[in-house]
Amino acid sequence: MRQYCPVGGKGRPPPVPIPPTGEEKKMGKADFPAFVPEIDLLDQRSWLWRDGVQLQAIFVALWQLLANESALSEASSKGLHGLLGFDGKIFLSTVMPDELIDKLRTEDYFNLIENLRPDATMVPDNYTYTDVPLYQSWSQTIRLVSFAKDFLQLDVPAIGLVKGANLLQMDWAIRKQVEMGYVSFAMPARELFEEGILDDFLPYVIRILKRSRKASGMNPELLLYGVGQRLERYKGISYSNLSWFLRARHGEYFKGGLYYDLEDPAIRFEECYCDACNGMMPQEIIDLWLDDKERGIRVLAVHNFLDLSRRRK
Ligand SMILES: [Zn+2]
């Protein structure tokens, strides 16, 4: 007995490829620096440019505004540049808690983006868990690609997302976005990193993007979002996190892309000649901290930012 197939079997003509119309959108590139600090919209101590630090670009998290009505209304009326007084590039992160993800439709994002006027925005985040039935992560992956298609209508460059509960989903989501003209990609990777499984995904993602360069003629860029340290074994990728600041608030000190407690003997008595430390040792930052905690945090925050920014991609 033959298997029933509603669209015919052997006799069915092969699918006809749709030729490019020449009107496909060329998505602008974000041009990520090696490190893009995320800042805390509600904590001005993370607004480094106010301390005279030169910054090319920052990430701000949309969820912080959605969770704070007065900040959202101020940001919506002034735009993010007006609110922050920052004239570098502002990238909008859509990575947010699940309960917020479900609330926003395409029109909501468009209204928010029109008011906030970032220089680029991630396409909307989704949630993909590895421990739920696969149809759930597939429907979320399809939702991601469908949002990415809607976001082609925006005037600001959109940053594609690398997400999926498995490699097949990530591969499909990336390829669809590349076909649509996306060139800048962010991979929210905090959970994967913390669960110790990022290495199962990242080399593959880098390979898919490289391969897509051949196929599309474009040169895609990848930013690892939310991983709080540098991973030496991967070259050519950018990073964004808030760890540089969160760790500074907890008295933690970055060196060579890894963080240490200020009292850690491995770094405690080593002088640092960055623009924040000017020859100070971590021990002297401890002394400063005891004397004036706010100044200690500021020095440490700038030091941490400079350490994470130091290396090339
Ligand atoms: Zn330093």
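# Close-up views of a predicted model

**View 1. Methionine 187 and leucine 224 face each other across two strands.** Methionine 187 stands opposite leucine 224 of strand S7. Keep in mind, as you look around, that this is a predicted model. Strand S6, residues 184-188, and S7 run parallel and are joined by 5 bridges. On its way through residues 221-225, S7 is mostly covered, with 4 of its 5 residues buried. S7 also runs parallel to strand S8 (residues 238-241), and here 3 bridges make the link. Look for tyrosine 225, whose bridge partner in S8 is serine 240.

**View 2. Leucine 223 and its contacts.** Which residues does leucine 223 touch, once its neighbours within four places in sequence are left aside? They are Phe32, Val36, Ala186, Ile237, Ser238, Tyr239 and Ser240. Leucine 223 appears again in the next view, as one of the core residues that touch the most other members.

**View 3. The largest nonpolar core.** This core holds 76 residues. Those in touch with the most other members are Phe91, Val123, Ile159, Met187 and Leu223. Which helix gives the most to this core? It is helix H11 (residues 293-310), with 7 residues. Domain 1 (35-241) and domain 2 (251-313) both supply residues, so the core lies between them.

**View 4. Helix H5 and its buried face.** Helix H5 covers residues 134-150, and its 17 residues reach 24 Å from first C-alpha to last, close to the 24 Å expected at 1.5 Å a residue. Try finding its buried residues: Ser137, Gln140, Thr141, Leu144, Val145, Phe147 and Ala148. Seen down the axis of H5, the buried residues fall within an arc of 160°, so they line one face of the helix. A little background helps here: an α-helix has 3.6 residues a turn, so residues three or four places apart point the same way. The face of H5 turned away from the buried side carries the exposed residues Tyr135 and Ser139. What do the buried residues of H5 pack against? Their partners are helix H4 (106-116), strand S5 (158-161) and helix H6 (167-180).

**View 5. Where the two domains meet.** The protein is divided into domain 1, residues 35-241, and domain 2, residues 251-313. Taken over C-alpha atoms, the centres of the two domains are separated by 28 Å. Their contact takes 13 residues from domain 1 and 12 residues from domain 2. On the side of domain 1 that touches domain 2, the elements giving two or more residues are strand S1 (35-37) and S8.

**View 6. Helix H11 and its cover.** H11 has 18 residues and reaches 26 Å from its first C-alpha to its last, close to the 26 Å expected at 1.5 Å a residue. Its buried residues include Gly296, Ile297, Val299, Leu300, Phe305 and Leu308. Polar names are found among the buried residues of H11 too, including His303, Asn304 and Asp307. The cover over these buried residues includes S1, S8, H9, strand S9 (252-255) and helix H10 (282-291).

**View 7. Arginine 249 in helix H9.** Arginine 249 has its place in helix H9, which covers residues 243-249. Why does arginine 249 count as partly exposed? Arginine 249 has 15 C-beta neighbours inside 10 Å, and a residue is partly exposed when that number falls between the 12 or fewer of an exposed residue and the 20 or more of a buried one. Valine 95 lies 154 residues from arginine 249 along the chain, and their C-alpha atoms are separated by 22 Å.

Technical notes
Residues numbered from 1 in each chain as written. Predicted model: local features only at pLDDT ≥ 70, side-chain atom pairs only at ≥ 80, totals over all residues. Pairing = 2+ DSSP bridges. Core = buried A, V, L, I, M, F, W, Y, C linked by C-beta atoms within 7 Å. Domains from an automatic or database assignment. Contact = placed C-beta atoms within 7 Å. Expected span 1.5 Å × (residues − 1). Arc of directions from axis to C-beta.
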